[in-house]
Amino acid sequence: MMNNSCAQPMWLNGPSPGQFYNFMGGNNAPAQLPRELTTAGPYGTKHSTAAITTGSSVLGIRFDGGVLVAADTLVSYGSLARYQNIERVFQINNKILLGGGGDFADIQSIKRSIDQKMIEDQCCNDGVVMKPAELSSWLTRVLYNRRCRMNPLYIDVVVGGVDEAGKPFLGNVDLRGRAYDDYVVATGFGRHLALPLVRERKPKDREFTFEEATSLIRESMKVLYYRDTRSLPQYTVGICTANDCSIKGPFKVEENWTFAEGVSGY
Amino acid sequence: MILRFVFHYIWLKMFRNQYDSDVTVWSPQGRLHQVEYAIAAVKLGTATVGLKNNDYAVLVALCKPPSELSASQRKLIPIDDHLGISIAGITADARVLSKYLRSECLSYKHSYGSTYPVSRLITNLGNKMQTTTQRYDRRPYGVGLLIAGYDEKGPHIYKVEPSANFFNCKAMTIGSRSQSARTYLERHLSTFNGCSKDDIICHGIHAIRSSLPNDELNKDDGASQLNITIAIVGKDQPFKILNNDENTAYLEMAKERGTSSMASKPQKDDDNFSTEDQPESSTPRDPQVAIGTMEIQ
């Protein structure tokens with residue numbers, strides 16, 4: 001008759017026992033902390049303190065009709081060039097590109113969360129998709145929250161894309177949730193090597209054109225390959241404009257080592 | 001003999017409506033009477049109108065004080081910069097819903113730095129309201145909402161009922177005697193899209209005006225006497241409830257335009273007010289439940 005295996009609780013949504021006669025409804029336990037902070041493992045709890053498998057630079061350039069995001073295909077294990085054919089620029093939806101630097105496991109983790117959000121977007125079936133500025137803001141919240149829990153994601157990401165009006169956005173969010181947006185952003189060594197190169201070529205009165213942006217990416221990725229030891233001469237480029245959002249490549253850096261014969265004294 | 005009649009009467013009383021004691025109980029006709037009663041509560045509130053053109057959504061609400069001695073109820077509630085609601089029914093319930101809407105919008109803004117897409121917000125509100133129609137320990141919200149919002153998809157007017165049904169509307173009106181306003185809106189619907197911001201507000205005023213009973217309408221030719229609130233939201237226009245001066249200005253404007261456009265309105269329609277809205281009189285009738293009364297012969 002009655003199926004007791006799925007019996008419901010007798011009393012739902014009512015006052016909990018003691019709610020009316022205990023001080024503060026008996027609800028004076030301290031606020032619940034996240035599980036990973038309150039449950040220790042057999043030898044205590046240790047959060048990660050450094051990135052293990054790392055991606056190096058990501059470079060993003062905004063131009064008049066969209067953005068370009070480039071990263072080489074190397075994921076290092078310390079100084080070892082461990083995984084040499086991994087794309088680090090992702091297409092999130094038709095409006096957003098994500099370039100990931102830092103701990104690649106954490107990149108994959110946040111990427112899974114973002115992909116889940118995109119699925120939820122599609123489930124609404126209302127034609128509203130997330131914009132790059134929104135994703136950037138959301139990442140700031142998540143990463144800052146993880147920082148506050150003393151358990152940060154060791155990542156440094158570039159978020160680029162266009163909004164519903166086709167206006168380009170390019171921003172950067174790092175492991176503490178610090179964020180900014182600009183016509184050029186870079187992570188890792190690229191921030192030291194590529195960023196100044198791009199900035200000194202920026203015309204004051206206008207945005208870059210697509211041609212300027214592509215040649216700057218090509219040039220910067222070459223410089224990064226020559227100067228950054230954690231890099232490869234192979235990279236992918238994500239392009240996002242109002243009509244197109246995709247990952248191109250992999251491309252090869254035009255290397256020329258003839259000058260090396262003249263280098264001596266090391 | 002008399003005793004038999006008395007028994008009959010008690011029987012009738014008892015089973016006049018056997019199926020409205022609980023929200024979760026179906027009538028054999030497939031109706032939820034408690035939910036329908038909640039919808040009837042919306043018809044007790046004063047009328048409110050929502051309409052939109054290409055760039056703006058406008059809410060106009062009639063604010064009749066419940067008694068001579070009290071101030072009028074607030075009918076328009078701002079939710080966020082891009083969204084506001086107009087209510088008809090139990091104001092206390094509306095306050096709870098608007099608190100929910102506000103916190104959702106705020107939380108969305110905190111996470112994403114942008115405004116909550118209107119369709120998505122209303123879907124979530126609908127889901128929240130639906131649970132009350134399916135649980136024995138809940139009652140439906142006794143308030144109808146008109147929501148005016150603006151997002152990347154343009155301006156929106158949504159109607160939300162206590163049954164948790166919601167409708168994306170070109171123009172809509174709820175509340176007592178709203179049928180006449182609806183007639184006005186239906187008649188002028190084709191002109192709304194192309195018309196200006198001022199025009200759309202004036203249309204709103206005219207619509208709400210046509211829901212007034214005749215005796216109030218004739219008081220000093222209506223318009224300036226109208227106790228209404230207007231709100232607008234749209235392109236580069238955050239949700240704003242118009243202040244007294246703007247209100248008066250628009251009422252005057254509507255009055256001027258009204259002489260031409262209202263004149264084109266057939267007189268017959270004015271006469272229909274009382275008859276059309278008769279079923280929505282202040283005491284809601286119980287739905288006729290044939291099965292409950294059928295066996296009484």
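These are my notebook entries on two chains, A and B, of a predicted model.

**Entry 1: chain A as a whole**

I began with the general make-up of chain A, which holds five helices and 13 strands. Of the 266 residues in chain A, 43% are buried. I then looked up the accessible surface of chain A and found about 15,300 Å², with 53% of that area supplied by carbon and sulfur atoms. For the contacts inside chain A, I took those between residues at least 6 apart in sequence, and 61% of these join residues at least 24 apart.

**Entry 2: where chain A meets chain B**

Next I turned to the interface, since the size of an interface is often given as the accessible area lost when the parts come together. Between chain A and chain B the buried area comes to about 1,300 Å², and carbon and sulfur atoms give 41% of it. On the side of chain A, I noted that Asn13(A), Val128(A) and Glu134(A) lose the most area to chain B, and that together they account for 37% of what that side buries. I also looked up how many residues take part, and the contact draws 16 residues from chain A and 14 residues from chain B.

I asked myself which kinds of polar pairing the interface holds, and how many residue pairs are in polar contact across it. The search across chain A and chain B gives twelve residue pairs in polar contact, both residues being at pLDDT 80 or more. The elements of chain A that give two or more residues to the side touching chain B are helix H2 (104-124) and helix H3 (132-148). Of the elements, H3(A) gives the most to that side, with five residues. Sorted by character, the residues on the side of chain A that touches chain B are six nonpolar, three polar and seven charged.

Three salt bridges are found across the interface of chain A and chain B. I wrote down the pair of Lys131(A) and Glu152(B), whose side chains meet in a salt bridge at 2.8 Å, N to O.

**Entry 3: salt bridges over the whole structure**

I then widened the search, keeping in mind that side chains of opposite charge can pair when their charged atoms come close. Over all chains, the whole structure has 20 salt bridges.

I looked at the pair of Arg191(A) and Asp156(A), whose closest N and O atoms are 3.7 Å apart. This pair links distant parts of the chain, because Arg191(A) sits in helix H4 (residues 190-199) of chain A and Asp156(A) in strand S8 (residues 155-162) of chain A, 35 residues apart. I wondered whether Asp156(A) would count as buried or exposed. With a relative accessibility of 15%, Asp156(A) counts as buried, whereas its partner Arg191(A) is partly exposed at 32%.

The salt bridge of Glu200(A) and Arg201(A) has its closest N and O atoms 3.5 Å apart. Here Glu200(A) counts as exposed, because its relative accessibility is 60%, while Arg201(A) is partly exposed at 38%.

In chain B, I noted the salt bridge of Glu246(B) with Lys240(B), the closest N and O atoms being 3.0 Å apart. Glu246(B) has a relative accessible area of 26% and is therefore partly exposed, and Lys240(B), with 30%, is also partly exposed. I recorded as well that salt bridges with shared partners join Asp121(A), Asp126(A) and Arg120(B) into one network.

**Entry 4: two single residues**

I chose Thr53(A), which has its place in strand S1 (residues 53-55) of chain A. Thr53(A) is buried, because its relative accessible area is 18% and the cut-off for buried is under 20%. Leaving aside residues up to four places away in sequence, I found that Thr53(A) touches Val75(A), Ser76(A), Tyr77(A), Tyr83(A), Gly102(A), Asp103(A), Phe104(A) and Ala105(A).

The other residue was Gly234(B), which lies in strand S9 (residues 228-234) of chain B. Gly234(B) is buried, with a relative accessible area of 5%. Which residues does Gly234(B) touch, not counting residues up to four places away in sequence? I found Asp55(B), Tyr56(B) and Tyr150(B). I also looked up the separation of Gly234(B) and Leu83(B), which are 151 residues apart along the chain and have their C-alpha atoms 9.2 Å apart.

Notes:
Residues numbered from 1 in each chain as written. Chains lettered and ligands numbered in written order. Predicted model: local features only at pLDDT ≥ 70, side-chain atom pairs only at ≥ 80, totals over all residues. Heavy atoms only, no water. Contact = heavy atoms within 4.5 Å. Buried area = accessible area lost by both parts, 1.4 Å probe. Salt bridge = Lys/Arg side-chain N within 4 Å of Asp/Glu carboxyl O. Polar contact = N/O pair within 3.5 Å; in protein donor to acceptor, adjacent residues only side chain to side chain. Helix = DSSP H or I, 4+ residues; strand = E, 2+ residues; numbered from the N terminus. Nonpolar A, V, L, I, M, F, W, Y, C, P; charged D, E, K, R; others polar. Buried < 20%, exposed > 50% of the residue type's maximum accessible area, 1.4 Å probe, protein only. Areas by Shrake-Rupley, 256 points an atom, 1.4 Å probe, with all protein chains shown as cover.
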